Amino acid sequence: MTTTAGLAAGPGLHAWLLLAAVLFCIGIYGVLSRRNLVAILCSVELMANAVNINLVAFSRFHGDLLGQAFALFSVALTVAEVGIGLAIVILVYRARKGIDVDELDLLRG
Amino acid sequence: MFDPGELNFIGPEIAVFVFALLVLVHDVMFKQRNATISMGVSLMGLATAAVLNLLNMQAVDVPREAFAGAMAVDGFGFFLNFIVLLAAAGALLISHDFLRRIDVDVPEFNPLVLFVAFGMMLMGSANDLILLFISLEVMSLGVYVLCGINRGELASAEAALKYFVMGAFASGFLLMGIAFVYGGIGSTRISAVAQWFAIEGNGIAGNPLIGVGVALLLVGFGFKVAAAPFHMWTPDVYQGAPTPVTAFMATGVKAAAFAALSRVLLVALLGQNLEFHTALWLIAAGTILMGNIGALVQDDLKRMLAYSSIGHAGYLLMALVGAPAAGLADNPRLGGILFYLLAYTVMTVGAFAVLSFFTRDGVEDTRISRLGGLADRHPAVALALSICLLSLAGVPPTMGFVGKFYLFAAAIEGGAIGIAVVGAIGGAIGIYYYLRPIVVMYMHPEPADRVELAMNPAALGVLGVATVAVLVFGLVPGSLIEVAQDSLLSLAAWGGV
Amino acid sequence: MNPALLSLVPGFPLLGVIVIALLNRKASRVVAGSIATAMVALSAVLSFWTLFTLVGAHGELESLHTVLYRWIDVGGVDVNIAFMADPLTAVMMCVVTGVGSLIHLYSIGYMDDPADANSTWRFFTYLNLFVFSMLLLIMGDNFLVMFVGWEGVGLCSYLLIGFWYSNTEFAKAGKKAFVTNRVGDFSFLLGLFLLFWSLGEHATLQFSELKEVLGAHPELVGGHGGTLVTAICLLLFGGATGKSAQIPLFVWLPDAMAGPTPVSALIHAATMVTSGIYMICRLNFLFAMAPVAMGAVATIGALTAFLAATIAVSQNDIKKVLAYSTVSQLGYMFLGVGVGAFTAGFFHVITHAFFKALLFLGAGAVIHAMHHEQDMRHMGGLLGKMKITGWTMIIAWLAIIGFPGFSGFFSKDEILWLTFAADPAQVALFGPTVPLPKFLWGIGFITAILTAFYMSRLVFMTFFGEFRGGRHGHGDDHGDDGNAHAHEPHEVSPVMWGPLVVLAVLSVFGGLLNLPHWLHAGNLTGWLHHFLEPVFEDAHMRFDAAPEHLELRIMALTIGVVFFTIYAAWQMLMKNPEIKHQIEHFIPDFAIAGSINKWWVDELYEFAIIKPLVLGSRQVLWAIVDALVIDGAVNGTARLLSGASRAYGQRVQVGKVQVYALALASGAALLIFAFAVGS
């Protein structure tokens, strides 16, 4: 399964890259446009998972395990990140009684 | 394949990590934790790491790989370790009394600083983009928490949130960049990337995968070093975070991120720098101008320093624009990057030590007008702060001047005259806003509702050491410059060119 | 001797500065003075050790060298804080620290005015700082250290001239010295830059390397006699005219006498003012390449010597006479080095340091005894009251006028003789065929007569005849109106006359350093000449071929004229004032007025330079350029920038994290476009 011949069995590399790119852009759009902090967190997750797709696809393309290993690391790190992110959102919620990102402009200028 | 002897090379990292655990255990186990013991053990950890780092530095003459190539053991990494350890020690000492005053009694502060330092040190020596990313995340996750450590304060929470959202967002770009580089080259080793580029016909041009990868890497690192247009979080976050944390971010985080960026640019992409010369030029110019112009009308000293830190990142980028495509040995002045990171760390920690004195009823108040009459009340503190600010402005005979001189020399020697002119304009603007607090200290009367400065021995010690160092290495920079240059040139060992 | 010890030579005075400055008011006059003296004396011990090390090596050891600290490495040029002691340096070190420690010792006695009790520590701090800077200047192995010293001595000179700064006149004199010196320093710097620039990739700031580079690539500076090297040398010499008080920048030195007299002795007679000559000696290999510049040096030197001497003959302030005499003697030194007689010029630096320091210290003793009276018309007959001071002054007088056997005789005659014998092609200010040296000798010869006259006048008016003191400040000076004064002058304390005696001995025997060969004195013949040979090497002109009998004749002529002048002065001033009036009839009025008014040089500068400058600054620079153009531009720029800053803060940095994220994403898009699509 780690041979390049395996590529022929499924969709080509380009297809995976395209999928990842679309997911990534949706993630970016979400971060830029959603007002709910939790939704923004989800969008960041989407971006990270787009990368994971890419990593696995490249791993298969190159026929080595490096990308897959990296994807595992990436997943672990993303989990930690989301954990902290949620904690911060809760912090903000406590202080603000709301999680609308637009209201957070105390620091500016 | 795994040689236990190689563990020596991460001795400093291990020391910091183990001591962080010790402090954590102590802080969590005892209900009435002893802040002094916690601080002492933390500092001991940093000192142990510094000693181990020094031993490594002397033991390793020729740069070498460790851990199957994931880590580069070279002078560059050693030098950065020292900067990180200094920054962490400075932040810890400033925080000691400060946290008590703003009524933040959390056991995790000291361990967090150590864990973050651990990540920073690894970042400086990472030869593999995977390790680089992991250590960067270790650092960042800790800093997000540190930013919001003042839970009762809305500004602190907002800073943490902004930093987190932007950081996670930028991490996505960085991660994608690494994925694309891996996709294009088949390896995540920085030295392997350099070797790949060294092969005739390989380059950014004509390889869109790698082009996208490099662009995204620049975005990710650009965010961490606060380069335009990825810099906009900086003023808000620096202002909102508690002062010791800001000091740590401005020095340690910046140094580590810049080290990683430099390693990628000067090792992996050195032969390709003509390809992105214009992009880097524009980023550097924008960073210098936006940082310095933004700082001009700030009334809050902390926010002003935040903007100015953007400007300083710009000067460092300016030197990188002068990186020679033909090999690092062509432009040894680039060693000024390391020297400047150290100088910036020292003088910034000094300035923030003074800032930490300005609290009122547990709330920070760092408006420049608060400085009025300081020269009369505390002439020594006013003088020390003035020296640190003048050093930041790059006035001789200070460390900041010498460092800036080398950055300009590096840019000019690299043929980047245009960006040096932009840098000079930025520096001229800088002198104006750095002088303003000094004018206020020496010429303005005390504000009517003055508060006693919360001076404490630890922060005063930091300030004293920083001021002396700024002057001493401003007058006799010779040997330190040499070490910095040699450390930077050690990167040449990895180059494909 | 371990070369590393060299660093201690300037180190001790620096230590003195730090210690005394830390003690500040807690250090009394005696404590501060003792510390300062001890530090310079320690330097002197090391200096003599250095000298004897080099002497003992019999030419096998070219120089001692030590790098204290690697300072900075700029543009391929290493600049170190490094010290070097070759024979030239070693001799100069001994002179500076030796004479310096004597003057420090003397100052302990001199500065006993109760009004200064709170500031003597300042005095000794400056004095030690001066010695430190002077040692940097002479021991530096590169231009940078030398320049630090060069500026340092200027600063100390300024501080010490204005030591009594509550007196505005004195403070002004300090400023004048500083500003005049800055003009010279500017020229010096220009010369340095030009030199540095012309060397291109061979650029170096180190003297020994510079010598090698110029030896291997003379074409870099345009070769022998090239325009470039001439320009460099003239600019460097411009710096020397400032520091060493030559035409046109000599005006500050007479005013510098406002400082305490030991300062005048140390800084404005023995050491600092000779640094211009020292610099040219150090760079002899460079100057030897530029005959035109050498001619300019010699000519300026001779003219200055003459001009200053003509002023000295009519001054009544004892320190002013000595000040113009110093300017005049410095002119002799420049004349010497200018004609290529580097050893002779430098020899005169040494002997002059002895007898001029002695003259100043003696004058200081007189002034001290007379309670700050400096007008010679109120002195007279002091020999009887101050025996030691008087006799040592008489020795110094004989030395400076070139009385046979005294030190000044040997050094001055060597300069005059070598000037006469110089090769016109080497002193080619007006072309190689013009017999400029003979002409310059003529000026030097006349100056020797004038020197004999004004020095005799000084000694006669001060020490002989009757005491005319007691009535301060009044115009009528009939000496016979003798009410005994309450403040009868008497001999000064041993701490003050001790140094006088030592210097007197040196003034007598200083000539032994470089005896002329017609004395056939064996090893002592031309000892200094041989010792300095490795330094001057090819730069030295060859005079050996000059006929010896001519030398003796010229010398005899000089001696005869000097003797006659002393006799004439005695007759004119002491015996028969009628002769004086008759002679004055012969001299054109304008010459007398010129001498008394110092040839109106100060007025000329005031009229031609200072007034237009002030006027121009006020009317043009300040009113138009500064107020309108620069202020306009600065204010405009400031308004523009702060406007931009505010706009940035309000429009861009709006505090919304999603705006920031948008900027980041846009930047990423641009980069991706540039890297992947664009390329």
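Reader: Hey, quick one to start: which is it for H12(B) and H17(B), roughly parallel or roughly antiparallel to each other?
Author: H12(B) and H17(B) are roughly antiparallel to each other. Keep in mind that this is a predicted model.

Reader: OK, why antiparallel?
Author: The axes of the two helices cross at roughly 160°, and an angle over 145 degrees counts as roughly antiparallel, so that label applies. H12 of chain B covers residues 301-321 and H17 of chain B covers residues 417-443, with their axes coming within 11 Å.

Reader: And which hand does the crossing have?
Author: It's a left-handed crossing where H12(B) passes H17(B).

Reader: Cool. Which residues in H12(B) and H17(B) meet?
Author: On the H12(B) side they include B:Ser308, B:Gly311, B:Gly314 and B:Met318. Among those they meet in H17(B) are B:Gly423, B:Gly426, B:Gly430 and B:Tyr433. By class, this contact of H12(B) with H17(B) has nine nonpolar residues, six polar ones and no charged ones.

Reader: You mentioned B:Met318. Where else does it turn up?
Author: In the largest nonpolar core, which has 259 residues: B:Met318 and B:Ala88 touch the most other members there. The helix that gives the most to this core is H6(B), with 21 residues.

Reader: What is B:Ala88 in contact with, leaving aside neighbours within four places in sequence?
Author: Six residues come up: B:Leu46, B:Val113, B:Leu114, B:Ala117, B:Phe248 and B:Gly252. There's also a second, separate core of 212 residues, with C:Ala32 and C:Trp441 among its members.

Reader: Back to H6(B). How many degrees is its crossing with H5(B)?
Author: Roughly 170°, and the axes of H5(B) (residues 129-147) and H6(B) come within 9 Å. That makes H5(B) roughly antiparallel to H6(B). Residues of H5(B) in this contact include B:Phe133, B:Glu137 and B:Tyr144, while H6(B) brings B:Tyr163, B:Phe164 and B:Gly167, among others. The mix is 12 nonpolar, four polar and one charged.

Reader: Switching topic: how many residues does each of chains B and C put into their contact?
Author: Chain B puts in 37 residues and chain C puts in 28 residues. On the chain B side, H6, H8, H9, H11 and H19 each supply at least two residues. H8(B) gives the most, nine residues.

Reader: And what classes are on that side of chain B?
Author: There are 30 nonpolar, four polar and three charged residues on the side of chain B that touches chain C.

Reader: How many residues are in the contact of chain C with chain A?
Author: That contact takes 10 residues from chain C and 10 residues from chain A. On the chain C side, H26 (residues 657-677) has the largest share, five residues. That side divides into five nonpolar, four polar and one charged.

Reader: What's chain C built from?
Author: Its secondary structure comes to 26 helices and two strands. Chain C has 679 residues, and buried ones make up 52% of them. Of the contacts in chain C with a separation of 6 or more, 78% are between residues 24 or more positions apart.

Reader: Last thing: where is B:Arg450?
Author: B:Arg450 is in the loop between H17 and H18 of chain B. It counts as partly exposed because 14 other C-beta atoms lie within 10 Å. Along the sequence B:Arg450 and B:Leu371 are 79 residues apart, yet in space they are 9.6 Å apart, C-alpha to C-alpha.

Key:
Residues numbered from 1 in each chain as written. Chains lettered and ligands numbered in written order. Predicted model: local features only at pLDDT ≥ 70, side-chain atom pairs only at ≥ 80, totals over all residues. Axes fitted to C-alpha atoms, helices over the stretch in contact; angles between N-to-C directions. Helix = DSSP H or I, 4+ residues; strand = E, 2+ residues; numbered from the N terminus. Parallel < 35°, antiparallel > 145°, perpendicular 65-115°, else oblique. Left-handed = near helix turned anticlockwise from the far one by under 90°. Contact = placed C-beta atoms within 7 Å. Nonpolar A, V, L, I, M, F, W, Y, C, P; charged D, E, K, R; others polar. Core = buried A, V, L, I, M, F, W, Y, C linked by C-beta atoms within 7 Å. Buried ≥ 20, exposed ≤ 12 C-beta atoms within 10 Å, placed from the backbone.
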